[in-house]
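Here is a short tour to read alongside the sequence and the 3D view. Please keep both open as you go.

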Amino acid sequence: IKFEVDGHTDNSGSPAHNLTLSQQRADAVKDQLMKMGVDVSRLTSKGFGDTKPISDNTSIEGKANNRRVEFVKI
């Protein structure tokens, strides 16, 4: 099975900063999975910034929900 590690952020900060931050978040999870023995050929990572929120960004809870990493089977 292959997985894509998707990083996301809330809408705090500029779109460019959020894109970089979300990519760094996804890469950090990918790196940890590799350290745990998952073969690198099974993993990719991608940052989406604040473009795919799952909650509103008007509350602390909503922002926290949007700062996340998701695993997508590819």
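The report below goes from the overall layout to the sheet, then to a helix residue, the salt bridges and a loop residue.

**Overall layout**

Please keep in mind that this is a predicted model. The chain has 74 residues, of which 30% count as buried. Its C-alpha trace spans about 40 × 20 × 20 Å along the principal axes. Two helices and three strands make up the secondary structure, and from the N terminus on they follow the pattern β-α-β-α-β. What share of the contacts between residues at least 6 apart in sequence joins residues at least 24 apart? The share is 66%.

**The sheet and its helix**

The three strands form an open sheet in the order β2-β1-β3, with mixed pairing. That leaves β2 and β3 as the edge strands, each of them pairing on one side only. From one strand to the next, the twist averages 25°. Helix α1 packs on this sheet and touches β1, β2 and β3. The direction of α1 makes about 160° with that of β2.

As a general reminder, strands of a sheet pair through backbone hydrogen bonds, in either a parallel or an antiparallel sense. Here β1 and β2 pair in the parallel sense, over five bridges. If you would like landmarks for this pairing, V5 stands opposite S45 in β2, and G7 stands opposite G47 in β2. Together with α1, the strands β1 and β2 make a right-handed β-α-β unit.

Which side chains of β2 are buried, and which are not? The side chains alternate along the strand: L43, S45 and G47 point to one face and are buried. T44 and K46 point to the other face and are not buried.

**A26, a residue of helix α1**

A26 is a good place to look at the helix, as it is found in α1. Its relative accessibility is 0%, so A26 counts as buried, the cut-off being under 20%. Leaving aside residues up to four places away in sequence, A26 touches V5, D6, G7, S45 and K46. Two of the landmarks above come back here: V5 and S45, which stand opposite each other, are both among the contacts of A26. A26 and T44 are 18 residues apart in sequence, and their C-alpha atoms are 8.9 Å apart in space.

**The salt bridges**

The count of salt bridges comes to two. The table sets them side by side.

| Salt bridge | N to O distance |
|---|---|
| D10 and R67 | 2.6 Å |
| R68 and E70 | 3.0 Å |

What does the bridge between D10 and R67 tie together? D10 lies in the loop between β1 (3-7) and α1 (15-35), whereas R67 lies in the loop between α2 and β3 (69-73), so the pair ties together parts that are 57 residues apart in sequence. D10 is buried, with a relative accessible area of 7%, while R67 is partly exposed at 40%.

The other bridge also joins a buried and a partly exposed residue. R68 is buried, with a relative accessible area of 11%, and E70 is partly exposed, with a relative accessible area of 30%.

**N57, a loop residue**

The last stop is N57, in the loop between β2 (43-47) and α2 (60-66). Is N57 buried or exposed? At 17% relative accessibility, N57 counts as buried, since the cut-off is under 20%.

The side chain of N57 has two polar partners to look for. A polar contact of 3.0 Å joins the side chains of N57 and N66. The side chain of N57 also reaches the backbone nitrogen of N11, at 3.5 Å. Which residues does N57 touch, not counting those up to four places away in sequence? They are D10, N11, K63 and N66. D10 appears here once more: besides touching N57, D10 has its side chain in the salt bridge with R67.

Methods. Residues numbered from 1 in each chain as written. Predicted model: local features only at pLDDT ≥ 70, side-chain atom pairs only at ≥ 80, totals over all residues. Heavy atoms only, no water. Helix = DSSP H or I, 4+ residues; strand = E, 2+ residues; numbered from the N terminus. Buried < 20%, exposed > 50% of the residue type's maximum accessible area, 1.4 Å probe, protein only. Polar contact = N/O pair within 3.5 Å; in protein donor to acceptor, adjacent residues only side chain to side chain. Contact = heavy atoms within 4.5 Å. Salt bridge = Lys/Arg side-chain N within 4 Å of Asp/Glu carboxyl O. Pairing = 2+ DSSP bridges. Right-handed = clockwise from strand over helix to strand, strands pointing away. Axes fitted to C-alpha atoms, helices over the stretch in contact; angles between N-to-C directions.
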